[in-house]
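Subject: Structure handover and notes

Dear colleague,

Please find below the sequence and structure that I am handing over to you. My notes on what was found follow directly after them, and I suggest keeping the 3D view open while you read.

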2 protein chains.
Amino acid sequence: MGILPRFADRWLLSRVLESTGSAPVRFLVPGNADVSPSGVVPVATVVIRDRGALTGLLRDPEIGFGDAYMDGQIEVEGDLVGLLEAVYGAMERSSAGGQWLPRLASKWMDVWQYNSRRGSRNNIHRHYDVGNDFYKLWLDERMVYTCAYFPAPSSTLEQAQIAKMDHVCRKLRLQPGERVVEAGSGWGALALHMAREYGVSVKAYNISREQIVYARERARAEGMAGRVEYIEDDYRAISGKFDVFVSVGMLEHVSLDRYHEFSGILHRSIGDTGRGLLHFIGRNQPAVFSRWIRKRIFPGAFAPSLVQSLNVLEPKKYSVLDVENLRMHYAKTLEHWLQRFEKSKHQITAMYDSRFVRAWRLYLAGSLAAFRTGDLQLFQILFTGSKREPIYWTRDPIYAGQESLASPAPSTVENVKWTHAMS
Amino acid sequence: MGILPRFADRWLLSRVLESTGSAPVRFLVPGNADVSPSGVVPVATVVIRDRGALTGLLRDPEIGFGDAYMDGQIEVEGDLVGLLEAVYGAMERSSAGGQWLPRLASKWMDVWQYNSRRGSRNNIHRHYDVGNDFYKLWLDERMVYTCAYFPAPSSTLEQAQIAKMDHVCRKLRLQPGERVVEAGSGWGALALHMAREYGVSVKAYNISREQIVYARERARAEGMAGRVEYIEDDYRAISGKFDVFVSVGMLEHVSLDRYHEFSGILHRSIGDTGRGLLHFIGRNQPAVFSRWIRKRIFPGAFAPSLVQSLNVLEPKKYSVLDVENLRMHYAKTLEHWLQRFEKSKHQITAMYDSRFVRAWRLYLAGSLAAFRTGDLQLFQILFTGSKREPIYWTRDPIYAGQESLASPAPSTVENVKWTHAMS
């Protein structure tokens, strides 16, 4: 190549570096140009093999980077997660994201990926029906595809997913014979766990065909089909009265302007005397997922701030008892998933193609970076109806006897009941 | 009395009963008229000794009841707290409160009791400077005038106030040598406790003259004056950099449209790497205190919904780690206060007058009823700056070793640190 294209590439690379807020990343057009921020050791090198990818990075970095990485026109040498962490951090500091064109594109994406009943069905199908055999390669043996709860950072993923289910059940203080409705039930692990370990009956709603088929099969195999009913329908179709409403990793698939409707469905199900738990990916401040994630991985997804999420609860006067932030537990969960994913990459390439592998790697690595940097949070909100007394006197019963994770919370009278009497 | 006034009184009483949503309460004008809701056993009898009080109840029940009770024109026979609980419950069911005149009066009260710096000084003075000798009669020995934390419902008030202070310190995971700023410090117990038991240094802001004088004296007596500085100034005057921001029972004295300013002060004090805790009376849904409470007891007070309160945290991207609702603990605290108050009523009458005793009895009983019915909630929000890792891996350290309440949280490396490394 001559001097001119080399000069042009170097100029373009400098602009790219600038757009990352001078993150500690080296950008390279092989044999042609090479920029690094001064005074720092780069965490990784972004190798750009294509002029189109380079201009794409500048024109529309959100989509440009992801698509070029997916297509192999961009490669990352070194630590991909570290790179994404650095870019998140640096971009937040420079807080560039005020351009009108990406914002308009983002809004437009919201419209065509809107979670109407039909929209939800398409959106959910695109992600969760990719193939159970694929998810089996990198999830835990129970196929739990939400943030785990690691009793210690060194716990295994299988332990941590059981601990998470117990954590949810203990918080809710499930009692044998109670009726539970679950909105969004994945491959069915939590519903089965609640029924088997806590003696409740569960109606679980889900619109992923692949997941429902798998979950029903497992319930039958375990002889739990009489106590757990998997219903292939939207959460908006929930009918009947329940003691408990639980939703783990589903709120992210509800469009913000549907929270009020969600609130009504919740109230219809458990009224003013029930209780419930919402577990979802959230944020410290309102923001949207990158357009690349919504385009390629999670159409229609949205992670609310705590204030936004409470629009599900306040309109019906639900009383918030407990909010817990498990952000670092999601980072840990993603470390496990990404590790297992990488181990199976040849198998996944054979099942799909290398483009698919690169896209999903970027999604998992990007999510891990986002939880590490605090761009994403994980909230569990425990609440009761406005006419019900709190579930606990103190939280001690949740934390007492953690050893026996799979046994119901002790229902000491001391802890459940308290007197109103004044002498 | 003749037939006509008797008929008129009965009609007026029926209207009063109706305005309570037919709460299970008997209303009586002695020797003249008497109404009770049909089919229920009344929890108490409201004896109305004065025609003015009767029409006052109808014209403006919020102020009318409280003022007439305070003046002795209305007496309650039977269970005062039960009566107030029944009326809260019934009024919520009928949800009458949509009249424009009381709403206008309420807004107008907000204006003249507005918490500007000068307004706050007046408002705080009117409540907290009533006299330390008065508060000593019914608070615990450390003079903690906020919701306690009862390890068990049978704990004593003194135990529960120590446990509350430890609960706050454990959540914050205070470390020796850290700098803490406290916004609103009452009679100084928490600041002293943090410094004495957790080895931190504290700057505590308060605008109640009586409280500051008392707190400084105690710090001197305990030899802690070098580690705890009580500053007689508004929270808006907080200056300096701190590791931890703590505010227990102060947010209720900040006007809602000042939360944004509060947010700025918080951020100025602990930046993006500090942590903090807000403890305050809240609600399930936005609402205001009764005008009587604001007129006679707590000028300028406001209890926010959780969403409203988060307006202190979201603008600066603070990360909410933990929200705990201690509503029933405030009910229990108020039971103790009310009991002690009643025991000292003759002494208090001698110090002030019986009008004062009736007003404060109504305030304590009404607060107790409000926490029992869920009209009021008590939230503790633990948060960190957006650039800081969470304080814990799990909440276990808060609940481990509750026996040794007055010793700092164990700082096992396992629980504080976790690795980001992926193999």
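B:A44 stands opposite B:G78, a residue of strand 4 of chain B, and this pair belongs to the place where strand 3 (residues 44-48) of chain B runs antiparallel to strand 4 of chain B, the two being joined by five bridges. Please keep in mind throughout that this is a predicted model.

The two strands just named are part of an open sheet of four strands in chain B, which has the order 2-1-3-4 and mixed pairing. Strand 2 (33-35) and strand 4 (74-78) of chain B stand at the edges of this sheet, and because each has a single partner strand, one side of each is left without a neighbour in the sheet. On average, and with direction ignored, neighbouring strands of the sheet are turned by 20° against each other. As general background, the strands of a sheet pair through backbone hydrogen bonds, and they do so either parallel or antiparallel.

Chain A also has an open sheet of four strands, with the order 2-1-3-4 and mixed pairing. Its edge strands are strand 2 (33-35) and strand 4 (74-78) of chain A, each of which pairs on one side only, and the twist from one strand to the next averages 20°. Within this sheet, strand 1 (residues 25-29) of chain A is joined to strand 2 of chain A by three bridges, and the two run antiparallel; here A:F27 stands opposite A:V35 of strand 2 of chain A.

How are the two chains related to each other? Chain A can be laid on chain B by a turn of 180° and a shift of 0.0 Å along the axis, with an RMSD of 0.0 Å, and the two copies are thus related as by a two-fold rotation axis. The same surface serves both copies, since 100% of the contact residues of chain A recur in chain B.

Where the chains meet, 39 residues of chain A are in contact with 39 residues of chain B. On the side of chain A that touches chain B, at least two residues each are supplied by helix 13 (306-309), strand 10 (319-325), helix 14 (327-343) and helix 17 (396-399) of chain A. Strand 10 of chain A gives the largest share of that side, namely seven residues. Sorted by character, the residues of the side of chain A that touches chain B are 17 nonpolar, twelve polar and ten charged. Strand 10 of chain A also pairs with strand 10 (residues 319-325) of chain B, in the antiparallel sense and over three bridges, and the bridge partner of A:D322 in strand 10 of chain B is B:E324.

The remaining notes concern helices that pack against each other within a chain. In chain A, helix 2 (residues 51-59) and helix 3 pack at an angle of about 150°, with their axes 6 Å apart, and that angle makes helix 2 of chain A roughly antiparallel to helix 3 of chain A. Helix 2 of chain A passes helix 3 of chain A in a left-handed crossing. The contact is made by A:A53, A:G56, A:L57 and A:R59 of helix 2 of chain A together with A:P61, A:G64, A:F65 and A:A68 of helix 3 of chain A, and these residues divide into five nonpolar, two polar and one charged.

Helix 3 (residues 61-71) of chain A has another contact, with helix 16 (residues 354-373) of chain A: their axes come within 7 Å and cross at roughly 140°, which makes the two helices oblique to each other. On the side of helix 3 of chain A the residues are A:G66, A:Y69, A:M70 and A:D71, and they meet A:R355, A:R358, A:A359 and A:L362 in helix 16 of chain A. This contact divides into four nonpolar, one polar and three charged residues.

In chain B, the axes of helix 8 (residues 157-172) and helix 9 (residues 189-198) come within 10 Å and cross at roughly 60°, and these two helices are therefore oblique to each other. Their crossing is right-handed. From helix 8 of chain B, B:M165, B:V168 and B:C169 meet B:A189, B:L190, B:H193, B:M194, B:E197 and B:Y198 in helix 9 of chain B, a contact of seven nonpolar residues, one polar and one charged.

With best wishes

Key:
Residues are numbered from 1 along each chain as its sequence is written. Chains are lettered from A and ligands numbered from 1 in the order in which they are written. This is a predicted model: local features need pLDDT of at least 70, side-chain atom pairs count only at pLDDT 80 or more; totals for chains, interfaces and linings use all residues. Copies are superposed by least squares on the C-alpha atoms of residues with pLDDT of at least 70 in both. Two residues are in contact if their C-beta atoms, placed from the backbone, lie within 7 Å. Axes are lines fitted to C-alpha atoms, for helices over the stretch in contact, and angles run from 0 to 180 degrees between N-to-C directions. Angles under 35 degrees count as roughly parallel, over 145 as roughly antiparallel, 65 to 115 as roughly perpendicular and the rest as oblique. A crossing is left-handed if the near helix is turned anticlockwise from the far one by less than a right angle, and right-handed if clockwise. Ala, Val, Leu, Ile, Met, Phe, Trp, Tyr, Cys and Pro count as nonpolar, Asp, Glu, Lys and Arg as charged, and the others, Gly among them, as polar. Two strands pair if DSSP finds at least two bridges between them.
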